[in-house]
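Student: I have a new model open and would like to learn how to read its domains and its symmetry. Could you walk me through it?

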2 protein chains.
Amino acid sequence: MKTDDRLDSPIAAVCREKGMKLTGQRRTIAHVLSESDDHPDVEELYRRAVAVDPRISIATVYRTVRLFEENGILRRRDFGGGRARYETTDHGDHFHLIDVDTGTVMEFDDEDLKALLAGIGARMGYEVATTRLELYGRRLKKKSRQAI
Amino acid sequence: MKTDDRLDSPIAAVCREKGMKLTGQRRTIAHVLSESDDHPDVEELYRRAVAVDPRISIATVYRTVRLFEENGILRRRDFGGGRARYETTDHGDHFHLIDVDTGTVMEFDDEDLKALLAGIGARMGYEVATTRLELYGRRLKKKSRQAI
DNA sequence: TTATTTGCAAACTCTTTGCGCTCGA
DNA sequence: TCGAGCGCAAAGAGTTTGCAAATAA
């Protein structure tokens, strides 16, 4: 495929650094990912990629997403619903809060929480390697919302 | 199917209370579940059920497991690996710690943790309905294990 | 040039479902 | 008796893969 320099992106740069062959499809997917700050599934990534360049198949999206995950560029998430969702790793470790009414996914982080989890693990004789934590909730009415 | 009173179990009793038709297959699956204190997937439940009574199909296990979940007898869990796993609801709300080397699933509970999570949700404007929390870890050497 | 990657379609895994027969109440 | 439930096999949904053609380096 012909190189399209307009599709250069931070993630494409990482691919180059890691020595991956930078095909047109990978460049396109890297571009789409760099522009996304949500948690798309493969189908959605495919839709966005095709909008940029129709010469791409969903099999390639699956393959690329796995490649990027293996290279630490993407993190796979599972919020239920039977499909994997992906987020870039460039904004660190965090947890998720999912609005059960709208499906909106929000990110949060909390040092006390991390410390507490590590402590619980240690007390049980384990070093915690990874944590999967998702809160599923409903928007509070303003009145009952706690002050920050 | 002929009734086999040896298969009576606490879960079968709950089925009766809830007015479900207590078929031989359901009785067998209820029995198997009452004897299990781990987190089997459908395949494993099927294996255990067939060992008790071979006249059972995996479709029935799927159907029964869903029925039991809808009736609050079972809770569906997803620890990755693409298959749902089930636990009885009779031992309350809790979290899981999974040994990444052996696959062993352990349960734990922590009031401070629950409070912290509820607080985080509230601060973000949400009432937390359900929480999914799994710690994946590696056994610590005795020496570095923290005192309880 | 040539080892990799891609597109396509078939295959795979887990789960659900349509249908005619069976069985519990 | 008779409607709910069962077994079977086929269908779905998401994901992976074998193979020949295309392509980046």
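Student: Into which domains is chain A divided?

Tutor: This is a predicted model, and in it chain A splits into domain 1, covering 5-88, and domain 2, covering 95-137. Between the centres of these two domains of chain A, taken over C-alpha atoms, there are 25 Å.

Student: How many residues of each domain of chain A are in contact with the other?

Tutor: On the domain 1 side of chain A there are 6, and they are in contact with 7 residues of domain 2. Together, the two domains of chain A bury about 570 Å², with carbon and sulfur atoms giving 49% of that area. In domain 1 of chain A, the residues losing the most area to domain 2 are A:H39, A:D78 and A:F79, together 71% of what that side buries.

Student: What about salt bridges and polar contacts between those domains of chain A?

Tutor: The rule finds 0 salt bridges across that interface, while 3 residue pairs are in polar contact. The residues on the side of domain 1 of chain A that touches domain 2 comprise 4 charged, 1 polar and 1 nonpolar.

Student: Now the symmetry: how are two copies of a chain related?

Tutor: In general, by a rotation about an axis together with a shift along it. Here, a turn of 179° and a shift of 0.0 Å along the axis lay chain B on chain A with an RMSD of 0.1 Å. That is the relation of a two-fold axis. In chain B, the C-alpha nearest this axis belongs to B:L133, 2.2 Å away from it.

Student: Why can we say that the copies meet through the same surface?

Tutor: Because 100% of the interface residues of chain B are also interface residues in chain A.

Notes
Residues numbered from 1 in each chain as written. Chains lettered and ligands numbered in written order. Predicted model: local features only at pLDDT ≥ 70, side-chain atom pairs only at ≥ 80, totals over all residues. Heavy atoms only, no water. Domains from an automatic or database assignment. Contact = heavy atoms within 4.5 Å. Buried area = accessible area lost by both parts, 1.4 Å probe. Salt bridge = Lys/Arg side-chain N within 4 Å of Asp/Glu carboxyl O. Polar contact = N/O pair within 3.5 Å; in protein donor to acceptor, adjacent residues only side chain to side chain. Nonpolar A, V, L, I, M, F, W, Y, C, P; charged D, E, K, R; others polar. Least-squares fit on C-alpha atoms with pLDDT ≥ 70 in both.
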